Amino acid sequence: MMRKRPEPVQVIKQRRDAALSSLVSGVPFIRFLGVQIDRRGDELTAVLPYDDKLIGNPMLPALHGGATAAFLEITAIMELAWAGLWDDIEGADADVHNDDIPTPRMPKTIDFTVDYLRSGLPRDAYARAKVNRSGRRYASVHVEAWQDNRSRLFAQATGHFLMPSREPKG
């Protein structure tokens with residue numbers, strides 16, 4: 001029995017990047033805020049590049065709490081969507097091409113609680129999410145955001161999401 005020859009790593013990376021790009025470009029609010037998603041393997045880091053429009057109080061100046069909350073929520077939703085998409089592009093039946101990458105239905109927010117730990121400075125911000133639980137109908141995600149120092153968080157959040165139903169493969 002012949003084993004299937006593995007794909008070249010560049011083909012796999014292109015497929016992953018195309019899937020992530022498709023996922024991010026499908027949400028206009030992500031483009032409005034300028035959020036970028038950096039992928040390393042299956043790990044995502046969201047980047048919120050500094051922009052004057054993100055400042056809430058010009059006297060401090062500090063990032064607006066709404067921009068911070070939106071950044072954290074985007075990070076959580078992208079992590080959940082990416083985790084769901086990962087099985088489709090990396091699974092046993094991953095014989096897909098860039099044109100065949102499915103566009104996932106996005107999770108819907110049930111609740112989202114943000115802890116503002118310190119003022120967000122007028123600098124680039126970074127965030128990573130960790131899925132604590134993900135089932136067929138419900139998911140719980142924890143998100144942390146920092147700026148210059150990963151160990152000095154400026155905000156963290158916990159969100160609960162209603163997962164979209166997965167259509168059976170047929």
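Helix H1 (residues 9-25) lies across strands E1 and E2 (43-48), running at about 155° to E1. In this predicted model, strands E1 and E2 belong to an open sheet of six strands, ordered E1-E2-E6-E7-E8-E5 with antiparallel pairing. The points below take up the sheet, a second helix that lies across it, and the surroundings of Arg39 in strand E1.

**Sheet**
- The edges of the sheet are formed by strand E1 (36-40) and strand E5 (108-116), each of which pairs on one side only.
- Neighbouring strands of this sheet are turned against each other by 25° on average, direction ignored.
- Strand E6 (residues 125-134) pairs with strand E7 (residues 138-146) in the antiparallel sense over eight bridges, and Val143 in E7 is the bridge partner of Ala129.

**Helix H3**
- Helix H3 (residues 65-90) lies across E1, E2, E5, E6, E7 and strand E8 (153-162), and its direction is at about 50° to that of E6.

**Arg39 and its surroundings**
- Arg39 has its place in strand E1, and this residue counts as buried because its relative accessible area is 10%, which falls under the 20% cut-off.
- The side chain of Arg39 makes a polar contact with the side chain of Asp17 at 3.0 Å, while a polar atom of the Arg39 side chain lies 3.1 Å from the backbone oxygen of Gly41.
- When neighbours within four places in sequence are left aside, Arg39 is in contact with Lys13, Arg16, Asp17, Leu20, Leu44 and Trp82.

Conventions: Residues numbered from 1 in each chain as written. Predicted model: local features only at pLDDT ≥ 70, side-chain atom pairs only at ≥ 80, totals over all residues. Heavy atoms only, no water. Pairing = 2+ DSSP bridges. Helix = DSSP H or I, 4+ residues; strand = E, 2+ residues; numbered from the N terminus. Axes fitted to C-alpha atoms, helices over the stretch in contact; angles between N-to-C directions. Contact = heavy atoms within 4.5 Å. Buried < 20%, exposed > 50% of the residue type's maximum accessible area, 1.4 Å probe, protein only. Polar contact = N/O pair within 3.5 Å; in protein donor to acceptor, adjacent residues only side chain to side chain.
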